[in-house]
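Hi,

Here's the structure I said I'd pass on. Have a look at it first, then read my notes underneath.

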Amino acid sequence: MSEQQHSKKRSSAEPIIVCKDVNKWFGDFHVLKDVNLEVAEREVVVIIGPSGSGKSTLIRCINRLEEHQEGDIVVDGIALGNDLRNISAIRAEVGMVFQSFNLFPHLTVRDNITLAQRYVRRRSRAEAEKVAQDLLERVGIPEQAEKYPGQLSGGQQQRVAIARALAMQPKIMLFDEPTSALDPEMIKEVLDVMKELALSGMTMMVVTHEMGFAREVADRVIFMDGGRIVEIGTPDHFFTAPSHERTKLFLSQILKH
Amino acid sequence: MSSENFRKAAQTYIAPAEPPVSRKPPITESGIVFWLRKNLFASVPDTIMTLITLTILTIVAINFFSWAFLNAQWEVAFLNLRSLGVGQLFPYRELWRADLAGFVVVFLSLVSVGIWGRITRTAVIIMLVIVAMMLALPILTAPVPEPAIYNYVDENYTPRQVNFIAERGQTVRFTIDPLTSVDDFRVDGLAGYVENNKGQANTSFDAFNVTIGQVTRDGTRVPEDYDLSVAVQVWDASSRVIAQSDFSGGTQAETVLEWTAPQSGWYTYTLVFDEDNTGTGVAWLKVDNVEVFRSTLGASEERVAAFGQQPTLDCRNCATSVNRTDMRFQGSRTLLQWVSLQFTPYLIGLRNFVFGALVIGLIGYLVGRWASRSGILDEAVAKPVARALVYFLGFTVVVYLGAGIAAGIAPSPAIEVVRSVMLITFLLTGVLYALVLFARSERSYATQGLTVLWLLTIPLLSILLTGFQTSPDAPTIMPPIRSDQIGGLLLTLLLSAVAIVASFPIGILLALGRQSPLPVISLFSTIFIEVVRGVPLITLLFMGTFILPFFGLGLGDVDLVVRIAVVLTLFTSAYLAEVIRGGLQVVSKGQYEAAYAVGLNSFWTTVLIVLPQGLRAVIPAIMGQAVSLFKDTSLVYIIGLYELLGVTYQILGDSQTGYLAFPREGYLYIGAVYFVFSYLMADVSRRIERTGSGRVRRQTL
């Protein structure tokens with residue numbers, strides 16, 4: 001991605017996600033420690049780090065699948081406090097793609113995509129199915145609409161999951177290790193969809209181990225370790241001249257093989 | 001690296017470009033011989049076990065079938081189909097309502113099959129066999145002579161007046177058969193019935209045994225001293241003597257009277273003694289060619305309809321009378337006669353209902369097929385029409401309920417008429433609405449229409465089975481039927497259907513309640529489930545019968561059948577709740593997260609994501625509960641409801657019915673009925689498992 005595109009995106013940028021001094025515990029375990037982060041609209045942020053570093057927990061806090069205990073998270077102007085009543089409305093603005101796809105196995109691909117549109121967005125069935133078909137075209141599997149998730153390959157399932165999230169026309173997309181459960185042959189088809197999505201200007205937060213994707217698509221890369229953000233930088237900075245010792249160590253470990 | 005480099009090294013190998021062709025397995029690894037060797041004769045112990053099992057099975061089968069075909073008197077089941085079907089007290093003239101209720105259910109079941117699936121080849125074959133058997137009825141009805149009736153006679157113990165029906169031109173033969181040796185008092189095969197003046201089928205089992213005991217034990221009767229002088233009289237329905245034999249006094253069996261009925265109707269026969277010379281001795285009065293009434297209570301109404309009321313007798317002597325009849329099945333019979341006795345009555349009894357059900361089912365199936373793919377109604381028309389019909393349905397409901405409240409304040413016949421009209425309008429509009437939905441293009445509308453129709457069966461069946469009358473003396477084609485008049489299979493099916501359908505939502509609510517974060521709800525659900533599961537069903541049924549009235553709140557006034565249905569519902573819902581809770585736990589956390597992540601709230605997540613998956617996971621267990629409940633309804637006979645088992649018990653156990661001798665046949669028959677229904681339910685459950693995503697999971701697992 002060229003520098004020109006980066007600057008163009010940044011120029012229109014308002015922070016759409018703000019995390020301020022976020023702390024979270026699982027029981028006694030301190031998962032997130034004073035996390036401060038702003039994500040601009042249309043920005044693609046890739047979060048990397050060793051397992052247990054709190055990457056997934058962080059993005060799960062953003063659509064409140066996890067609750068944080070201290071600090072503020074503001075998504076699209078709405079603070080995720082304790083007294084949040086219409087949490088579903090906010091979640092509808094934030095799409096999420098999971099490592100294990102989590103498609104609804106009892107519904108066809110089409111129904112997976114139309115369900116939330118009809119029950120949350122209150123669209124008519126015909127309208128929802130039109131959206132679903134367009135999205136299936138976009139992720140490259142228009143012919144699979146009638147099948148059940150169990151009949152699809154992992155890569156196809158993950159693309160359906162992306163389509164399902166996009167059907168709500170979210171402002172933000174969260175990806176929680178979307179390719180970790182896939183065979184190598186299928187990783188590319190999912191990454192291609194994600195790249196296309198990034199180019200279209202979607203605000204994305206991606207937890208991944210795909211360094212090639214981070215380098216090529218990300219506007220910024222965030223490195224987390226032990227529940228805190230260790231380093232934030234552009235991919236160029238990050239992969240060529242990381243500053244923090246921990247980042248250097250991590251990169252040297254994963255880039256070695 | 002070129003391929004040449006690879007070939008140089010000895011350890012490399014490159015497969016040909018064409019993949020190898022798949023072949024069949026060797027012949028020794030498939031086929032019947034292989035199956036036998038693998039499953040029955042794999043080793044020496046295996047072979048021994050196989051042989052022992054086969055021997056036992058053979059012995060059991062030979063014994064059972066020789067009894068079932070050579071000795072069993074299946075008429076106890078076949079001639080009581082009506083009692084087994086709807087109970088002994090179901091009004092004869094209202095039978096069509098029970099039939100109609102059955103047809104409605106058959107129709108909708110087949111509409112459902114038409115929409116959701118296909119009739120399988122097996123089902124078609126079974127139906128064709130049934131039709132073929134019904135068509136073959138005239139061939140299968142070989143004439144079998146009526147068995148003789150035997151009446152015990154001595155000077156103190158003369159036969160009472162016995163009512164019987166004779167068709168015009170039917171010749172009845174009366175024979176006096178003196179008993180001149182103790183061997184003549186054979187009592188085996190004793191099972192005779194005749195209708196007494198109360199319209200009940202009778203035997204004189206007990207009285208006869210006493211007499212025989214006197215004869216054979218203390219010698220108060222000496223068979224050789226035969227000197228009776230008796231004559232046979234036949235009376236018409238108004239008790240006028242229309243035929244009389246000469247007095248008979250010989251010691252040889254003698255036909256004393258052959259009488260031909262001048263017209264169809266009720267007659268009475270009795271014996272009279274020569275007043276000058278009664279004489280002493282004992283004899284059988286043998287009556288040939290009079291039909292004995294094998295069917296029980298309910299059948300008398302049919303005879304009244306055909307032949308009028310039977311004569312009332314001066315009752316000095318009109319208690320039990322027939323001491324013994326031969327079984328029509330006994331003696332040597334041709335195969336056709338055997339079929340005609342043991343099987344044809346069954347086909348005849350079921351013929352009308354089965355034919356009706358087949359025709360109606362076929363129509364239903366075609367309607368279902370049509371509904372699942374029709375699109376004859378343009379959406380531009382269908383949509384406003386459907387909406388208008390829904391509003392109209394709502395209107396009828398509002399008026400009906402409003403009239404109900406008005407009737408509560410100021411009862412008047414006019415209000416009742418309004419209510420009746422509204423009810424009928426509601427049902428008709430509902431059917432019309434379902435048809436409109438069927439005619440719309442999308443398949444999901446067909447399902448909606450089907451749901452509407454099934455919901456309509458609730459008011460429709462309750463009208464059919466309880467009655468429909470605007471006021472107690474208004475004319476009606478459906479007079480009220482009390483719940484205690486309903487019995488047999490109908491009651492079994494009603495109780496099971498109500499309990500299964502009603503317990504399902506309650507079970508879901510209890511399962512969700514038990515998992516609820518709110519402690520009050522969770523505690524209530526847990527206590528309810530554990531208490532109900534900790535108490536035997538029998539105890540709960542007794543509670544429903546005897547203890548609930550003491551709770552006040554008018555519970556004692558509630559109909560017993562309703563109370564029992566509620567008890568069965570609550571009982572099943574507690575078990576279902578635990579089954580469903582197990583299913584809910586199968587649904588992974590990821591499913592909840594995915595549902596939340598697309599913005600579904602917890603209500604829709606439960607309804608659209610969690611329940612469908614959780615319930616699907618436990619379909620076999622849910623159906624197991626349903627089957628188990630269906631069989632458990634047989635327990636209600638203990639508290640005095642005559643469902644299938646109860647009515648069988650009534651037929652067999654009541655000394656009035658005369659079927660005392662055939663408990664095996666009766667219980668085996670209803671066992672088969674229970675089995676058929678349970679098997680159908682299990683089969684339906686397996687088919688449901690295979691629908692939708694279930695089909696996929698079977699493929700992938």
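Below is what turned up, starting with the cysteines. Keep in mind that this is a predicted model.

**Cysteines.** Over all chains, there are zero disulfides. Take A:C19: the nearest cysteine sulfur belongs to A:C61 and sits 8.0 Å away. A disulfide is a covalent bond between the sulfur atoms of two cysteines. Two sulfurs have to be within 2.5 Å to count as one, so at 8.0 Å the sulfur of A:C61 is too far from that of A:C19 for a bond. Both residues are tucked away from the outside: A:C19 counts as buried at 3% relative accessibility, and A:C61 is buried too, at 0%.

**A threonine in chain B.** B:T47 belongs to helix α3, which covers residues 44-71 of chain B. With a relative accessible area of 24%, B:T47 is partly exposed. Setting aside neighbours within four places in sequence, B:T47 is in contact with B:L40 and B:F41. From B:T47 to B:R37 is 10 residues in sequence and 9.4 Å in space, C-alpha to C-alpha.

**A pocket.** The second largest pocket holds about 460 Å³ of space. It is lined by 18 residues, and the closest to its centre are B:E379, B:K383, B:R440, B:Y445 and B:Q448. Which helix gives the most to this lining? That's α13(B), with five residues. At least two residues each come from α5 of chain A and from α13, α14 and α15 of chain B. By type, the lining has eight charged, six nonpolar and four polar residues.

Cheers

Terms used. Residues are numbered from 1 along each chain as its sequence is written. Chains are lettered from A and ligands numbered from 1 in the order in which they are written. This is a predicted model: local features need pLDDT of at least 70, side-chain atom pairs count only at pLDDT 80 or more; totals for chains, interfaces and linings use all residues. Side-chain values use heavy atoms; hydrogens and water are left out. Buried means under 20% relative accessible area, exposed over 50%, partly exposed in between (1.4 Å probe, protein chains only). Helices (H or I, at least four residues) and strands (E, at least two) are DSSP runs, numbered from the N terminus. Contact means heavy atoms within 4.5 Å. On a 1 Å grid over the protein atoms alone, a cavity is a set of points where a 1.4 Å probe fits but cannot get out, and a pocket is an open set with protein on both sides within 12 Å along at least five of seven lines; lining residues have an atom within 4 Å of a point. Grid points are joined across faces, edges and corners, and a volume is the space filled by probe spheres set on the points. Ala, Val, Leu, Ile, Met, Phe, Trp, Tyr, Cys and Pro count as nonpolar, Asp, Glu, Lys and Arg as charged, and the others, Gly among them, as polar.
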